[in-house]
Amino acid sequence: MSRNRSRATPGVSPVSTDRPDLSFTAFHQMNRASYVRYAETYLRHRQDAEEAVDSAFEHLLRTWDQVLLTENPAAYAWTITRNKVIDHARARTRRPPLIEDAAFDTVALRDAVDPIGQITESLTLFRALRQLTDRQQDVMVMTFLHGMNATEVAAVLGMSSPTVRSTVRHSLRRLREILGPDRTMEGRR
């Protein structure tokens with residue numbers, strides 16, 4: 001089954017030019033924006049984020065039939081995307097993406113009376129976030145940095161809404177252990 005695929009362009013679905021797979025097209029349209037926002041959190045540049053996400057979607061398109069056979073296609077696609085973001089960051093900077101960079105682009109910093117104090121607090125928080133599991137980090141970034149609700153996060157990560165809420169609770173508990181009870185993300189929603 002041979003398909004003639006067009007070259008991916010940022011913002012444009014890399015679907016087959018002769019027989020587009022409608023399930024892939026729908027998946028791409030539903031998830032690309034969230035994937036790019038996530039990637040931009042780590043890569044810090046929109047173009048880099050789009051390149052990493054487009055690379056993930058190109059991979060997913062090439063293997064779409066196999067992706068659909070997995071137990072959880074959305075979770076599988078998320079894993080591919082997350083790995084492409086990490087690979088892209090390493091290729092660009094020779095080091096893994098640093099979540100601390102996001103500390104310099106937060107709503108709290110833009111509204112801070114004491115920007116230096118806010119940067120210090122944000123860096124401490126982001127360093128603590130790096131001590132969470134990958135899944136916990138993803139849920140926390142999407143929930144607190146991107147303002148997504150549990151249903152939206154669940155759709156992107158391929159998990160249930162109750163699992164997202166449980167992950168937030170466990171992550172906050174872990175952050176309290178790391179930072180102390182007064183310095184978590186709970187008040188930042």
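# Reasoning about a predicted helical model

Reader: Why is Leu 43 counted as buried?

Author: Leu 43 has a relative accessibility of 9%, and a residue is called buried under 20%, so Leu 43 counts as buried. This is a value computed from a predicted model. Leu 43 is found in helix H1, and its C-alpha lies 7.5 Å from that of Val 85, although the two are 42 residues apart in sequence.

Reader: What makes Phe 24 count as buried?

Author: Phe 24, which also lies in helix H1, has a relative accessibility of 0%; the limit for buried is under 20%, and Phe 24 therefore counts as buried. Its C-alpha atom is separated by 10.0 Å from that of Val 67, which is 43 residues away along the chain.

Reader: How do you know that the reach of helix H1 is close to the expected one?

Author: Helix H1 runs over residues 22–43, which makes 22 residues, and from its first C-alpha to its last it reaches 30 Å, to be set against the 32 Å expected at 1.5 Å a residue. The expected span is 1.5 Å times one less than the number of residues, and the value found for H1 is close to that expectation. The helix does bend, however, by about 45 degrees at Asn 31.

Reader: What is notable about the phi of Arg 44?

Author: Arg 44 follows H1 and is found in the loop between H1 and H2. Its phi is positive, about 70 degrees, although Arg 44 is not a glycine. As a general rule, most residues other than glycine have a negative phi.

Reader: Why is Arg 44 called partly exposed?

Author: The relative accessible area of Arg 44 is 28%, and partly exposed covers the range between the 20% limit for buried and the 50% limit for exposed, so Arg 44 is partly exposed.

Reader: Why are H1 and H2 described as oblique to each other?

Author: H1 and H2 pack at an angle of about 140 degrees, with their axes 8 Å apart. Roughly antiparallel would require an angle over 145 degrees, and roughly perpendicular one of 65 to 115 degrees; the pair is therefore oblique. As for handedness, H1 passes H2 in a right-handed crossing.

Reader: What makes the contact of Arg 32 with Asp 54 a salt bridge?

Author: The closest N and O atoms of Arg 32 and Asp 54 are 3.1 Å apart, and a salt bridge asks for a side-chain nitrogen of Lys or Arg within 4 Å of a carboxyl oxygen of Asp or Glu, so the pair qualifies as a salt bridge. The pair links distant parts of the chain, with Arg 32 in helix H1 and Asp 54 in helix H2 (residues 46–62), 22 residues apart. Both residues of this pair, Arg 32 and Asp 54, are buried.

Reader: How many salt bridges does a search of the whole structure find?

Author: The search finds 6 salt bridges. Glu 40, Arg 46 and Glu 50 are linked in a network of such bridges.

Reader: Which residues form a salt bridge with closest N and O atoms 3.6 Å apart?

Author: They are Asp 134 and Arg 82, and the distance of 3.6 Å falls within the 4 Å limit for a salt bridge. Asp 134 belongs to helix H7 (residues 134–145) and Arg 82 to helix H4 (residues 73–93), with their positions 52 residues apart. Arg 82 also meets the side chain of Asp 138 in a salt bridge at 2.8 Å, N to O. Asp 138 lies in helix H7 and Arg 82 in helix H4, so this pair ties together parts that are 56 residues apart in sequence.

Reader: Why does Asp 134 count as partly exposed?

Author: Asp 134 has a relative accessibility of 45%, which is over the 20% limit for buried but does not pass the 50% limit for exposed, so Asp 134 counts as partly exposed. Arg 82, at 10%, counts as buried, and Asp 138 is buried as well.

Reader: What makes Ala 150 buried?

Author: Ala 150, placed in helix H8 (residues 150–157), has a relative accessible area of 18%, and with the limit at under 20%, Ala 150 is therefore buried. Its C-alpha is 8.4 Å from that of Ser 160, 10 residues apart in sequence.

Reader: How many helices and strands are there in the protein?

Author: There are 9 helices and 0 strands, and buried residues make up 46% of the 189 residues.

Terms used: Residues are numbered from 1 along each chain as its sequence is written. This is a predicted model: local features need pLDDT of at least 70, side-chain atom pairs count only at pLDDT 80 or more; totals for chains, interfaces and linings use all residues. Side-chain values use heavy atoms; hydrogens and water are left out. Helices (H or I, at least four residues) and strands (E, at least two) are DSSP runs, numbered from the N terminus. The bend at a residue is the angle between axes fitted to the seven residues ending there and the seven starting there. Buried means under 20% relative accessible area, exposed over 50%, partly exposed in between (1.4 Å probe, protein chains only). Axes are lines fitted to C-alpha atoms, for helices over the stretch in contact, and angles run from 0 to 180 degrees between N-to-C directions. Angles under 35 degrees count as roughly parallel, over 145 as roughly antiparallel, 65 to 115 as roughly perpendicular and the rest as oblique. A crossing is left-handed if the near helix is turned anticlockwise from the far one by less than a right angle, and right-handed if clockwise.
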